[in-house]
Every structure is written in C-alpha cells, then in structure tokens.
Amino acid sequence: MNPVSQLTSSEFDRQKNSLNLIASENYPSKKTLDLLGSIWSNKYGEGYPGKRYYAGNEFTDKLEIETSELALKLFDKTGEYGVNLQVLSGSPANSLVYMTFLDPGAKILSLSLSQGGHLSHMHSTSVFNKFFEHVNYNLKQVGENDYVIDLQDFENQLNEHRPALTVIGFSAYPKGFDFAEMIKIARKYDSLVLADISHISGLVVTQNHSTPFLAGESGADFVTTTTHKTLRGPRGAMVFAKEKYMDNINKAVFPGSQGGPHFNKIAALYQSLLEVDGRDGYGDEISFDEYIKNVLENTKTLETTMQKGGLKIVSPTETHLSLIKLPDEIDSLELQKKLEEFGIITNRNPLPFDKKSAWRPSGLRVGGAGLTSRGLSKDGFRKLGQIMVSIITNEYDETAVKK
C-alpha cells in the first residue's frame, strides 16, 4: 500500500472508531462522497452557464443551473435571491462580500469572536483590518451562565458607528435568535446586512430556526453558508444575495477572485440538496427534517446529561451545539487530549467573557450533528454524556470507559 493510501486507510479507521462531537463537522452520504472523487473533477469551466471560456461544458452548465435552482427552491421562499455556487468555502464567501461592496475604511459590525462570533467576521488579528474597521456587539447575561445577544448594545453600536455592513451569524452561540428583528434594527441605520448561516443552515432550511431569507428590506442583503455542517454536504459554500447584487457577486467570484469552479463539489452539493429535498435518501430511511429534529434532541440530551453530572452549561442549547463550562482547575487543552485518547473528539472553546487564554479557554464545545448522522440514539448520547462527565471529573475506570 502506498503512503497516501495508508494514510487514507488510517484516517478511515480513526473516523470509524471515534465519537465525533465537533459541531462544525459531519458525515456526507456515500453518494455525496463518491461525487467528490468523480469525473466532474476533470472538467475546467471558467465563467458561468452559457458563457464559459472553454468548450465541453454542456453538462456542467446543466449541473450548475439545476443545483442553483434547487438551492433557491429550498432556502428562498421570496423569489428575491440569487445564488453563486462557485465560491470555495465559508471564509472566502464572507470576505468576498466585504471586498465587493465596501469602500476602504468602511466599518463592519459583528459579534465579538470571544463571545461566539467567527474568525471571518473580523477580529483584532484579521488581515482585513488593513482595509476595513471592525466594531463588535456583545452578549448580555440573563441568568447564571446564560447569555443572549444584547439587542440594546447591538443598536447602540449601530447608532454610534454607522457601519456599512452588519454581520449576523455565529460560530459558538447555542441559542436561537430572530433574524427579522436584528435585520430590522440594522435597517434603521442604513446598514447592509450579511447573514452567515454556516452552522445553522440545516436548521434554517427545515424551519427549525428563523430565516434571513425575507422579502424586501426585511431580508438580509447577503446570506452565506458552508455546505458541510448541519446541511451535511461536501466541504464548500454558497453565497446568496438579493438579485440586485448578484451581477456584482458573480463578477467578484469570476473573474474577480477565482478561476475555474470545482464541479465535483457542485455535483456533491446537488446530491446533498436532493437528500434535503427528499428526492433521494441519505441511506438510513430517515428524512432530512427528521434528522434535524433528532440532532436537536440528541444535542439537548447530551447537554442535560452533563448538567445532571454536575457540570455547568453556558447558554442552554436551542441548536445543534452546546457549550460546557469546565471546572476552573481543568486545563481544557489537556482534557481535549484525554478525551481523544478514549476516542471522543471535541474542541475546547472560549466562553463569553472568558478570563482564560484562547489557547486554553474555559469551555468545551460539543455538537450532535455528526453522531446523529451515524445513527447514535438518544440513549447513546445519554451514555456518552455520562462517560464524558466521569472523565472530566476524573472519576472513571479506564478499562470500563474504553470498553
């Protein structure tokens, strides 16, 4: 076996024999994975359907058109949005909006990274600080270890800084929220709105979370999402925008910042969207709607179990992810390594107003999407939560836990 085959086999075994709780990871269907390594990878097609710079794009044109139509059918009930499938991943999708629609020096308002925002939403070390100024809105405490978006602070920051663009979207925020309300506030101060639904796109498309796809000024100007988290597709992204912005979006992707699209990813996305739509199955006889409901229930079960075991929960989950506050004496990096030794894959994560470093923060982020895809039951999540509590509290029998 050659070296890359050996590495692939080893990674297959690692994934098969571990319990993955990373909230931003999931398992696409076999059909989706097969398409990523299919003949679609062979074709180059700079440009867009009907206007390519290469010959031989009869079927890639149909592929891109049909995938776009299905994405819009599933997400946009207003008929006011277009979509670009060629953008390669989530962070470039967000930066594409910045670079296309903002002037140098413009202000961007987003949730603080340390309170649950994302790296691509601007932060102190972002390369885009060379071009734009970032301002943050914050969370507020509403109970013991319970934090929600501070809408008054959100409006105060809008009023004071008058940002050109407001980003509504998060990476480690377990609560649900109302897109319509936040967009309405942003509109009062003439801000463009970018909704990043990368983590919750599977929830949005099944109406298990509020949507930014709303008519007129009530809707976000731009909606970005990755396709591999709760949407359970390939690694990739989509950029939706109101139709008046789509020509500029498309030009910014090609020829503005990219060359040929990755048709293997678009084909794999088409397959995963067919599974969301119900025209094809994931392989487990469960509809996508039922899958998302199971994700929500399983995540809550895991969280409740860990809370009953004596751990503190930060902002009780209403989504696919949960934040666990670790005891002060716990080194989160060492705990993450210990859990991995037992085959439990997690990521340490800062908590709101965390006093510890970002490298060794106070929290653990866990998500239920991946293991729900693999068929772990509610009872399985409960048992897993009990095992994790025993490891965190150092009250476990190593042989029993490994078994």
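Contact here means heavy atoms within 4.5 Å. I keep that in mind for the entries below. The model I am reading is a predicted one.

**Entry 1: helix 5 and helix 6**

I looked up which residues of helix 5 and helix 6 meet. From helix 5 I noted Leu151, Phe154, Glu155 and Leu158, and from helix 6 Glu181, Met182, Ile185 and Ala186. I sorted the residues of this contact by type and got 6 nonpolar, no polar and 2 charged.

Next I looked up how the two helices lie. Helix 5 covers residues 151–161 and helix 6 covers residues 179–187. Their axes come within 9 Å and cross at roughly 25°. Angles under 35 degrees count as roughly parallel, and helix 5 and helix 6 are therefore roughly parallel to each other. I also wrote down the hand of the crossing, which is right-handed.

**Entry 2: the sheet with 7 strands**

I then turned to an open sheet of 7 strands. I read the order of the strands as 4-12-11-10-9-5-6, with mixed pairing. Which strands stand at the edges? I found strand 4 (81–84) and strand 6 (133–137) there; each has a single partner strand, so one side of each is left without a neighbour in the sheet. On average, and with direction ignored, neighbouring strands of this sheet are turned by 20° against each other.

I picked one pair of strands for a further look. Strand 9 (residues 165–168) and strand 10 (residues 192–196) run parallel and are joined by 4 bridges. Within this pair, isoleucine 168 stands opposite alanine 195 in strand 10.

Helix 6 from my first entry comes up again, as it packs on this sheet. I noted that helix 6 touches strand 6, strand 9 and strand 10, and that its direction makes about 155° with that of strand 10. I also looked up helix 8 (residues 243–253), which lies across strand 4, strand 10, strand 11 (222–226) and strand 12 (237–242). Helix 8 runs at about 140° to strand 12.

**Entry 3: the sheet with 4 strands**

I moved on to an open sheet of 4 strands in the order 13-14-17-16, where the pairing is antiparallel. Its edge strands are strand 13 (312–314) and strand 16 (347–349), and each of them pairs on one side only. I noted an average turn of 40° between neighbouring strands of this sheet, direction ignored.

How many bridges join strand 14 to strand 17? I found 5 between strand 14 (residues 321–325) and strand 17 (residues 363–367), which run antiparallel. I followed one residue across: isoleucine 324 has leucine 364 in strand 17 as its bridge partner.

Two helices that pack on this sheet went into my notes. Helix 10 (residues 288–308) touches strand 13, strand 14 and strand 17, and its direction makes about 10° with that of strand 14. Helix 11 touches strand 16 and strand 17, and its direction makes about 160° with that of strand 16.

**Entry 4: helix 11 and helix 13**

I looked up how helix 11 packs with helix 13. Helix 11 spans residues 332–341 and helix 13 spans residues 378–392; the angle is about 130° and the axes are 11 Å apart. The two helices are therefore oblique to each other. Their crossing is right-handed.

In helix 11 I listed Leu335, Lys338 and Leu339, which meet Met388, Ile391 and Ile392 in helix 13. The residues of this contact divide into 5 nonpolar, no polar and 1 charged.

Note on methods. Residues are numbered from 1 along each chain as its sequence is written. This is a predicted model: local features need pLDDT of at least 70, side-chain atom pairs count only at pLDDT 80 or more; totals for chains, interfaces and linings use all residues. Side-chain values use heavy atoms; hydrogens and water are left out. Axes are lines fitted to C-alpha atoms, for helices over the stretch in contact, and angles run from 0 to 180 degrees between N-to-C directions. Angles under 35 degrees count as roughly parallel, over 145 as roughly antiparallel, 65 to 115 as roughly perpendicular and the rest as oblique. A crossing is left-handed if the near helix is turned anticlockwise from the far one by less than a right angle, and right-handed if clockwise. Ala, Val, Leu, Ile, Met, Phe, Trp, Tyr, Cys and Pro count as nonpolar, Asp, Glu, Lys and Arg as charged, and the others, Gly among them, as polar. Two strands pair if DSSP finds at least two bridges between them.
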